[in-house]
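Trainee: Could we walk through this model together, one contact at a time?
Mentor: Happily; ask away, and we will reason each answer out.

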Amino acid sequence: MKKIPFGRPMIDHQEKDAVMNVMNGSILVHGPIATQFENKFASFTNAPHAVSVSSCTAGMHLIYFALGYGPGDEVIVPAQTHIATAHAVELTGAKPIFVDAEQNTGNIDIEAIEAAINSKTKAIAIVHYLGVPVNMPKVVQIAKKFNLFLLEDCALAPGAKIDGIHVGLHGNAGVFSFYPVKHLTTAEGGMIILKDKDLAEKLKLLKAFGVNRTHGERKIPGFYDTVALGFNYRMSEIHAAIGVVQVDKLSGFLTKRKNNFEALEGHLKKIKGLRILPQPSDGFVESCHYCLGVLLDNEIVPNRSEIINLLTEKGIGSSIYYPQPVPRMKYYKEKYGYDEKKYINASRISDGMIALPVGPHLDLEDMENIAIGLKNSMEKIK
């Protein structure tokens, strides 16, 4: 059987040519390509404003920093997420308040959000887990009720929509990741989309040290002023050049992912001992099919590592999203304590799921082989 990697950047001569065009020029940062990428991504998502950044983590941290969050403030964060969602809050000195997942999709338990809100709460951060959109109308209603900023972590969700509106535009801001195995890549990088022009301008200022003039705006070379405390969270022209090409391919990538997901889902439905985490695409809610998550039955969960190792031996790549609920990870557990009763669903998903690949680097035959490999691996451990 040929190897089936979990993810692979879909790079060809177009991206390589775009990078070489930048390399053959004289501008590697502060140039027009990053702006071009911002405009193209804004057009794809129908966002009024887009701000490129060095990573999704940087983008989330930048937003909280721009809003002035710090010690004494709290931000509600899903327990079932990548560590970056919490780190972005923690880095400001504010405190992440973790909320359990709901068991069907792994997204934040919306019914538990209000109980976590108090006078210190400044914002709600939600995550579209595995590219499945959170029920944003409900979360927006809560955010408005308590006058809270609403940030959407869209790291796994380019192309996902609710009622025709792209994720990231339901709340106050959405942040995307362009890591190599994501839906599109810039090798490393991220993008913020939002509707607030003033906040967008502030983010552009703060991502570049708080300097008031870009290179192109300086009438006297080298002369500028620093009007605010900021970071070096810029995206280089090289990374942006890859992104410009990738955005044009994104619709095709998404179609391939959906087709692969549906094919693999069909094969896996015949296998006992697991539940498929759903990825709805019904016209009102459109998922973007980052991967296919299977949740093993309770009695099989202790054998998950053995199943994953057997898949690896067969050349089938897999992953775990995510290895632990964030509040159970050492840093947060030691700092804030951990009550396992608060995160039952997040623990169940983290401890019992296997993420299977559906990326555009694979085809329908690969989907059948993944299902066969999983079935044989599960039967072997039984």
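Mentor: Let us start with a term: buried means under 20% relative accessible area, exposed means over 50%, and partly exposed is in between, with a 1.4 Å probe and protein chains only. This is a predicted model, where local features need pLDDT of at least 70 and side-chain atom pairs count only at pLDDT 80 or more, while totals for chains, interfaces and linings use all residues. Residues are numbered from 1 along each chain as its sequence is written, and side-chain values use heavy atoms, with hydrogens and water left out.

Trainee: Is K249 buried or exposed?
Mentor: K249 sits in helix α7 (residues 237-268); helices (H or I, at least four residues) and strands (E, at least two) are DSSP runs, numbered from the N terminus. The relative accessible area of K249 is 17%. Because the value is 17%, K249 counts as buried.

Trainee: What is the N to O distance in the salt bridge of D12 and K249?
Mentor: A salt bridge is a side-chain nitrogen of Lys or Arg within 4 Å of a carboxyl oxygen of Asp or Glu. The side chains of D12 and K249 meet in one, and the pair links distant parts of the chain, 237 residues apart, with D12 in the segment before α1. D12 is partly exposed at 28% relative accessibility. The N to O distance between D12 and K249 is 3.0 Å.

Trainee: Which residue forms a salt bridge with K207?
Mentor: K207 lies in the loop between α6 (197-206) and α7, and its partner lies in helix α2, 169 residues apart. K207 is buried at 10% relative accessibility, and the partner, E38, is buried at 7%. The closest N and O atoms are 3.4 Å apart, and the residue that bridges to K207 is E38.

Trainee: How many residues apart in sequence are K138 and E111?
Mentor: The side chains of K138 and E111 meet in a salt bridge of 3.8 Å, N to O. K138 lies in helix α5 (residues 136-145) and E111 in the loop between β3 (95-99) and β4, so the salt bridge ties together parts of the chain that are 27 residues apart.

Trainee: Is E111 buried or exposed?
Mentor: Its partner K138 counts as partly exposed at 40% relative accessibility. E111 has 64% relative accessibility, so E111 counts as exposed.

Trainee: How many salt bridges does the count come to?
Mentor: Besides the pairs above, K2, D363 and D366 are linked in a network of salt bridges. By the 4 Å rule, the count comes to twelve.

Trainee: What kind of aromatic pair do Y290 and Y321 form?
Mentor: Rings of Phe, Tyr and Trp (its six-membered ring) pair if their centres lie within 6.5 Å; planes under 30 degrees apart count as stacked, over 60 as edge-to-face and the rest as tilted. The count comes to 16 aromatic pairs. Y290 and Y321 are 5.4 Å centre to centre, with 85 degrees between the planes, and the pair is edge-to-face.

Trainee: Which residues do ring pairs link into a cluster with Y290 and Y321?
Mentor: Y290 is buried at 3% relative accessibility, and Y321 is buried at 10%. Ring pairs link both of them into a cluster with F6, Y129 and Y322.

Trainee: Which residue in β13 is the bridge partner of V294?
Mentor: Two strands pair if DSSP finds at least two bridges between them. β12 and β13 pair in the antiparallel sense over five bridges. Strand β13 (residues 353-357) is mostly covered, with five of its five residues buried. I354 and L356 point one way from β13, while M353, A355 and P357 point the other way, and the bridge partner of V294 is I354.

Trainee: Which are the edge strands of the sheet β7-β6-β11?
Mentor: Three strands form this open sheet in the order β7-β6-β11, with antiparallel pairing. Two bridges join β6 (residues 161-162) to β7, and K161 stands opposite H166 in β7. The edge strands each pair on one side only, and they are β7 (165-166) and β11.
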